[in-house]
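Visitor: I am new to this structure and would like a close look at one part of it. Please take the contacts between side chains, and go through them slowly.

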Amino acid sequence: MLVSAIDRLPLLLMSALLAPLPALADGSATPAPVHDAAARLPQGSGASEYWDLTARFESGHRMFVRFLITDIGPGDHNAVAIGHMILPDGQVDRFANGGVGGGFEVPADGLRLDVKNSHLDLHPPTWRLLIDKPNTRYDLRITPRGHPPTPPGLTPEGYRFELLDIAAPIEGTLWHKRTIPERIRVRGVAAVSHTWTERAEAKLVVRRIEFFSLDRERPLHLTDLTRPSGERTRWLTFRNGTNTRLADSAFELELLGEAKDGASLCYPVPAELQLAGARVRGRVDLERTYVRHDPLAELPQPFRLLAERSMRPHRVWEKAPFELSLRIQPERAPLGLRGTGVAVMNFVESLEADCR
């Protein structure tokens, strides 16, 4: 049965909040908390909640998955699970399941989501993602290492966004009847986040830009939020092994140009993210589009029609080479980072009035 309002877990009290400006060093003495990943099932006609996974495997495969619960549409707590598996050659396998009006299950503790053939089990200490369809079986285990909570004041009131991990070890097996006919064992890293709101998300945030370095030992994550008023807030977190951490929001983030294969009037994708601050400097290039997707595309009618009245979401994943310089401690030389990560453009609503 679905979790009732009485059964829903209360929000955990976070004890080690990140300050929005200072850098944190020698973080081994204060390990990052492992957040409560359980479903809150917020109430209200515009309420929604979702878990996002971004994974990179040593085999060259990449996976992007979202489990969404929303009260938009007929009934309460409609659900959809949507994912994309990007093969090393760039080919995309898409999978989706949907349940309308409670057509899915969540146990009383809120730590397992079953949407038909798509399952996300968030019971500690190891999470499990299982996509078990007739032609597809992706069976993956994730070991979360924790992440500091989102800095207070950088998200709108009523909008909660928590990074559960930005480079958790992930391993398991992949099989697809057509594209992966022989089951393969894979390992890599995964970033997982949890977002929930009791109001229509488009009234609070119209765009969320994220960048993940997806480096196992030196993971970095960048978030930039745009509110309907145009106001933007951002923050960056970084971990170097277990000894050094950086948390910073005192930098500028400029969006430059238009991506070569991602330009769109309604959902513009920049060619470059340029960071400039006392502790953070550098650039992230949005080099190539892995996949574009309408999160509502898989939803059945009339749910999709009703959802489109309150939002017109769009998501874009980009291959993102980066070169960044981090000054973690003032008395030491900056730390240089180079590599290739993933940038995700999450549009809750089009930024152009003509597209609405």
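Guide: What follows is a walk through the side-chain pairs of this model, with a few single residues along the way.

The model is predicted, and the place to begin is its confidence. The average pLDDT of the protein is 85, and 81% of the residues score at least 70. Residues 1-29 have a pLDDT below 50, although the model gives this stretch 69 contacts beyond near neighbours in sequence. Where pLDDT is low, the predicted coordinates should not be read in detail.

Next come the aromatic rings. Six aromatic pairs turn up when the whole structure is searched. One of them joins Phe211 and Phe322: the ring centres are 5.3 Å apart and the planes stand at 70°, so this pair is edge-to-face, the cut-off being over 60 degrees. Phe211 belongs to strand 11 (residues 207-212) and Phe322 to strand 19 (residues 314-326), so the pair links distant parts of the chain, 111 residues apart. Are these two residues buried or exposed? Phe211 has a relative accessible area of 0% and is buried. Phe322, with a relative accessible area of 10%, is buried as well.

Another ring pair is formed by Tyr267 and Phe347. Here the centres are 5.3 Å apart and the planes are at 65°, so the arrangement is edge-to-face. Tyr267 sits in the loop between strand 15 (251-256) and strand 16 (272-277), while Phe347 is in strand 20; the pair links distant parts of the chain, 80 residues apart. Both Tyr267 and Phe347 are buried. Ring pairs also join Phe64, Tyr290 and Trp317 into a cluster.

Rings can have a charge over them too. The charged end of Arg40 sits over the ring of Trp196, at 4.3 Å from the ring centre. Arg66 lies over the face of Tyr50, and there the distance to the ring centre is 3.8 Å. Arg66 has a further part to play in this account, as a member of a network of salt bridges with Asp52, Arg208, Glu210 and Arg315.

Two residues named so far, Tyr50 and Asp52, lead on to Ser193. Ser193 is in strand 10. Its relative accessible area is 3%, which is under the 20% cut-off, so Ser193 counts as buried. Apart from neighbours within four places in sequence, Ser193 is in contact with Tyr50, Trp51, Asp52, Phe161, Glu162, Leu163, Leu164 and Arg208. Among these contacts are Asp52 and Arg208, both of which are linked in the network of salt bridges.

That brings us to the salt bridges themselves. How many salt bridges does a search of the whole structure find? The search finds 20 salt bridges. In one of them the side chains of Arg178 and Asp93 meet, with 3.1 Å from N to O. Arg178 lies in the loop between strand 9 (159-176) and strand 10 (180-197), and Asp93 lies in strand 4 (residues 92-99), so the salt bridge ties together parts that are 85 residues apart in sequence. The partners are placed as follows: Arg178 counts as exposed, at 56% relative accessibility, whereas Asp93 counts as buried, at 4%.

Arg112 and Asp114 make another salt bridge, at 2.9 Å from N to O. Arg112 is partly exposed, with a relative accessible area of 28%, and Asp114 is buried, with a relative accessible area of 14%. A further salt bridge brings together the side chains of Arg283 and Asp285, at 2.6 Å from N to O. Arg283 counts as partly exposed at 37% relative accessibility, and Asp285 also counts as partly exposed, at 23%.

The last stop is Gly336. This residue is found in strand 20 (residues 335-347), the strand that also holds Phe347. Gly336 has a relative accessible area of 48%, which falls between the cut-offs of 20% and 50%, so Gly336 counts as partly exposed. Leaving out residues up to four places away in sequence, Gly336 touches Arg218 and Leu324. The C-alpha atoms of Gly336 and Arg281 are separated by 9.7 Å, and these residues are 55 residues apart along the chain.

How values were computed:
Residues numbered from 1 in each chain as written. Heavy atoms only, no water. Helix = DSSP H or I, 4+ residues; strand = E, 2+ residues; numbered from the N terminus. Buried < 20%, exposed > 50% of the residue type's maximum accessible area, 1.4 Å probe, protein only. Contact = heavy atoms within 4.5 Å. pLDDT = per-residue confidence, 0-100. Phe/Tyr/Trp six-rings, centres within 6.5 Å; stacked < 30°, edge-to-face > 60°. Lys NZ or Arg CZ within 6 Å of the ring centre and 35° of its normal. Salt bridge = Lys/Arg side-chain N within 4 Å of Asp/Glu carboxyl O.
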